[in-house]
Amino acid sequence: MKYNKREKAIVLLADGTIFHGKSIGKKGTAFGEVCFNTGTTGYQEIFTDPSYFGQLMVATNAHIGNYGTHADEMESESVKISGLICKNFSYNYSRPSAEGSLEQFFEKHNVLAISDVDTRALVSYIRDNGAMNALISTDVENIEALKKQLADVPNMDGLELASKVSTKEPYFYGDENATYKIAALDIGIKKNILKNLAERDAYIKVFPFNAKFEDLEAFKPHGYFLSNGPGDPEPLMDAQTLAKEIIKRNLPLFGICLGHQVIALANGISTYKMHNGHRGINHPVKNLITTKGEITSQNHGFAINREETEQHPDIEITHVHLNDNTVAGIKMKTKNCFSVQYHPEASPGPHDASYLFDQFIENIKNA
Ligand SMILES: NC(=O)CC[C@H](N)C(=O)O
């Protein structure tokens with residue numbers, strides 16, 4: 001326990017607002033867009049989800065670290081958040097199967113984290129004023145210098161980040177003798193998506209963010225998948241071109257989150273940055289086809305334009321987010337293509353939407 005060693009730290013928002021806290025261990029400064037996740041469990045999955053790259057994460061749950069860490073809860077090989085802001089940081093953990101403490105995990109992955117922040121006040125401030133760039137720092141005496149550095153941090157709007165987290169080389173996942181072959185574009189893919197596909201008798205080849213249709217086609221896949229990932233979808237021209245090629249040929253295509261946004265853009269539907277994103281594990285979605293509700297895992301700061309989607313002759317809105325009526329899922333009327341803005345793979349979160357993976361496999365079978 002290192003309670004005594006803890007130094008003062010701050011959260012500085014781009015508009016100059018300061019929140020005070022204490023450092024967990026590591027000293028320094030970390031930058032990113034500040035976002036908040038309301039999940040009560042699943043912190044390790046969130047910290048390692050590539051979609052969070054470039055973001056400072058505020059955990060609204062009162063305790064972070066209380067059940068330690070485990071290798072099974074890695075959604076990628078490393079921590080992807082730029083830093084953590086929390087209320088109570090647990091140096092102790094009480095899960096018998098945990099492999100270590102969150103403090104050790106942060107030390108190993110070189111993560112800057114600060115606690116003792118009034119996270120309720122911070123979140124309500126961001127809710128009112130919108131997502132914005134911020135920094136966390138232990139350099140509390142040099143506010144003016146920090147402000148200058150913060151001004152140089154690029155805005156998330158228009159920022160391409162997928163290339164920073166994508167695999168450099170293609171790789172395989174699952175059993176090579178599986179019935180279905182799926183080509184997946186990695187623009188920030190979570191491990192649990194690959195696991196969900198492999199569990200449904202699929203062998204997956206994962207491709208880098210800038211792979212061409214011909215690269216994927218050479219694998220002779222039965223279906224194509226566009227992953228989740230960080231940043232703005234708009235600059236992802238290679239991924240949009242790839243989606244167009246797949247759609248043009250009417251091949252089975254499924255997209256999750258960033259992949260969903262890429263599919264919308266490939267259809268001429270624009271995306272926009274939300275005032276605040278959806279990040280948590282209890283987001284209500286209505287499936288308009290079955291009329292059933294789903295409690296879903298979400299993590300996005302951009303969304304697709306609803307009016308343009310409604311007016312599109314070949315696109316049907318299949319799911320809506322019940323808090324704000326944003327588009328949560330679409331399918332193409334004349335093509336074998338569908339996508340969702342949320343996370344059927346959960347990890348963390350409820351499994352209400354895992355039927356979407358079954359639907360993709362059905363679409364492949366029927367193709
Ligand atoms: N989880 C994701 O794929 C996020 C997509 C995109 N980066 C957004 O924030 O909206």
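Helices (H or I, at least four residues) and strands (E, at least two) are DSSP runs, numbered from the N terminus. You're looking at a predicted model, in which local features need pLDDT of at least 70, side-chain atom pairs count only at pLDDT 80 or more, and totals for chains, interfaces and linings use all residues. Residues are numbered from 1 along each chain as its sequence is written.

**Stop 1: the ligand.** Select strand β16, residues 293-304: four residues of the shell around the ligand come from here, the largest share. (A residue is near a molecule or strand if its C-beta atom, placed from the backbone, lies within 6 Å of it.) Now add the other shell residues, among them Ser 51, Asn 228, Cys 257 and Gly 277. Colour the shell by class and you'll get four nonpolar, eight polar and no charged residues. Here Ala, Val, Leu, Ile, Met, Phe, Trp, Tyr, Cys and Pro count as nonpolar, Asp, Glu, Lys and Arg as charged, and the others, Gly among them, as polar.

**Stop 2: a loop.** Go to Thr 291, in the loop between β15 (271-287) and β16. Thr 291 counts as exposed because it has 7 other C-beta atoms within 10 Å; the cut-off is 12 or fewer for exposed, 20 or more for buried, and partly exposed in between, with C-beta atoms placed from the backbone. Then pick Glu 75: its C-alpha atom is 31 Å from that of Thr 291, and the two are 216 residues apart along the chain.

**Stop 3: two domains.** Colour domain 1 (8-152) and domain 2 (162-366) separately; these bounds come from an automatic or database domain assignment. Their C-alpha centres lie 27 Å apart. Across the boundary, 23 residues of domain 1 are in contact with 23 of domain 2, contact being C-beta atoms, placed from the backbone, within 7 Å. On the domain 1 side, pick out β3 (29-37), α1 (43-48) and α3 (119-129), which each supply at least two residues. β3 has the largest share there, three residues.

**Stop 4: the core.** What should you select to find the residues with the most contacts inside the largest nonpolar core? Try Met 57 and Ile 85, in a core of 101 residues. (A nonpolar core is a set of buried Ala, Val, Leu, Ile, Met, Phe, Trp, Tyr and Cys residues joined through C-beta atoms within 7 Å.) Helix α9 (residues 258-266) gives the most to this core, six residues, and each domain adds at least three. Zoom in on Met 57: leaving aside neighbours within four places in sequence, its contacts include Cys 35, Ile 46 and Ile 85.

How values were computed
Contact = placed C-beta atoms within 7 Å.
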